[in-house]
Amino acid sequence: TITASRTGTNYRIAVADPIGPAPTGPALSGGYPIVYMLDAGGTFATMVEASIRFSRNNGSSGRMMLVG
């Protein structure tokens with residue numbers, strides 16, 4: 001969780017990182033692409049499943065990190 005300094009509100013942060021080594025190359029700077037979700041409460045699990053299916057269909061180029 002992270003706490004907002006002005007309001008004191010707590011926010012839960014979810015992170016899904018892919019299994020396996022990070023892709024390399026000049027366009028990726030040696031890391032995973034990251035997808036930031038603004039409101040992941042109801043859709044995070046769906047996005048994780050979609051990214052897994054995408055990576056299975058497209059090989060290593062589909063691996064990404066999700067943050068929401």
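Gly41 is exposed, with a relative accessible area of 65%, in a model that is predicted. This glycine is found in the loop between β4 and α1. Its C-alpha atom is separated by 9.4 Å from that of Ile13, although the two residues are 28 apart along the chain. The chain that holds Gly41 and Ile13 has one helix and five strands.

**Overall layout**

- Read from the N terminus, the elements follow the order β-β-β-β-α-β.
- The chain has 68 residues, and buried residues make up 25% of them.
- About 5100 Å² of the chain is exposed, and carbon and sulfur atoms supply 57% of that area.
- Of the contacts between residues at least 6 apart in sequence, 53% join residues at least 24 apart.

**Confidence**

- The chain has a mean pLDDT of 80, and 81% of its residues reach 70 or more.
- Confidence is highest in β1, at 93, and lowest in α1, at a mean of 80.

**The sheet**

- An open sheet is formed by three strands in the order β3-β5-β4, with mixed pairing.
- Its edge strands are β3 (15-16) and β4 (34-36), each of which pairs on one side only.
- Strand β5 covers residues 65-67 and pairs with β4 in the parallel sense, over three bridges.
- Within this part of the structure, Ile34 stands opposite Met65, a residue of β5.

**The helix and its salt bridge**

- The count of salt bridges comes to one.
- This salt bridge joins the side chains of Glu49 and Arg53, at 2.9 Å from N to O.
- Both Glu49 and Arg53 lie in helix α1, which spans residues 44-58.
- Four residues separate the two positions, about one turn of the helix.
- Glu49 counts as partly exposed because its relative accessibility is 34%, a value between the 20% and 50% limits.
- Arg53 is classed as exposed because its relative accessible area is 52%, and the exposed class begins over 50%.

**The nonpolar surface patch**

- Ile2, Tyr11, Ile13 and Val15 form a nonpolar patch on the surface.
- Together these four residues have about 390 Å² of accessible area.
- One of the four, Ile2, is found in strand β1, which covers residues 2-3.
- Ile2 is partly exposed, with a relative accessible area of 48%; it therefore falls short of the exposed class, which requires over 50%.
- Ile13, another member of the patch, is the residue whose C-alpha atom is separated by 9.4 Å from that of Gly41.

**The loop between β3 and β4**

- Gly20 is found in the loop between β3 and β4.
- At 37% relative accessibility, Gly20 counts as partly exposed, whereas Gly41, at 65%, is exposed.
- Leaving aside neighbours within four places in sequence, Gly20 is in contact with Tyr32 and Arg63.
- Arg63 lies 43 residues from Gly20 along the chain, yet the C-alpha atoms of these two residues are separated by 9.0 Å.

How values were computed: Residues numbered from 1 in each chain as written. Heavy atoms only, no water. Buried < 20%, exposed > 50% of the residue type's maximum accessible area, 1.4 Å probe, protein only. Contact = heavy atoms within 4.5 Å. Areas by Shrake-Rupley, 256 points an atom, 1.4 Å probe, with all protein chains shown as cover. Patch = residues over 30% accessible without salt bridge, like charges linked within 9 Å, V, L, I, M, F, W, Y side chains within 5 Å. Pairing = 2+ DSSP bridges. pLDDT = per-residue confidence, 0-100.
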